[in-house]
Amino acid sequence: MQRILGAEADRIGWQVRFQQRRSKLGGSVFVRSLVFGSLGKENLTYTDLCASARDGGVAISPQGMEERFGPASARLLQGVLEESV
């Protein structure tokens, strides 16, 4: 799982164009923020995701996190899920 949530998530992020330039919030930080930020949360908020991203060393605003959600992030998450299965 470390490989999938790390290097593989970054690779998939580039492949599906989740990130198109160097950014601190790459595929791995985004996926880990979702996975670990949602643990024990019934109603996950963008603020929760930002706190989880901060734990990964990336400061981002709730609005910035919200803007990351779209077709590319859906493809990223699908790719990570397929790799993990």
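Along the sequence, the chain reads α-α-α-α-α: there are five helices and zero strands, where helices (H or I, at least four residues) and strands (E, at least two) are DSSP runs numbered from the N terminus. Please keep in mind that this is a predicted model, in which local features need pLDDT of at least 70, side-chain atom pairs count only at pLDDT 80 or more, and totals for chains, interfaces and linings use all residues. Residues are numbered from 1 along each chain as its sequence is written, and side-chain values use heavy atoms, without hydrogens and water.

Here are some values for the whole chain.

| Property | Value |
|---|---|
| Radius of gyration | 12 Å |
| C-alpha box along the principal axes | roughly 25 × 25 × 25 Å |
| Exposed area | about 5,400 Å² |

The radius of gyration, taken over C-alpha atoms with a globule rule of 2.2 Å times the number of residues to the power 0.38, agrees with the value near 12 Å for a compact globule of 85 residues. Carbon and sulfur atoms supply 50% of the exposed area, which comes from the Shrake-Rupley method with a 1.4 Å probe; for residues, only the protein chains shown count as cover.

Of the 85 residues, 39% are buried, meaning under 20% relative accessible area (exposed is over 50%, partly exposed in between; 1.4 Å probe, protein chains only).

Now for one residue in helix α1 (residues 2–15), Glu8. Glu8 counts as buried because its relative accessible area is 15%. Beyond its neighbours within four places in sequence, Glu8 is in contact (heavy atoms within 4.5 Å) with Arg3 and Glu83.
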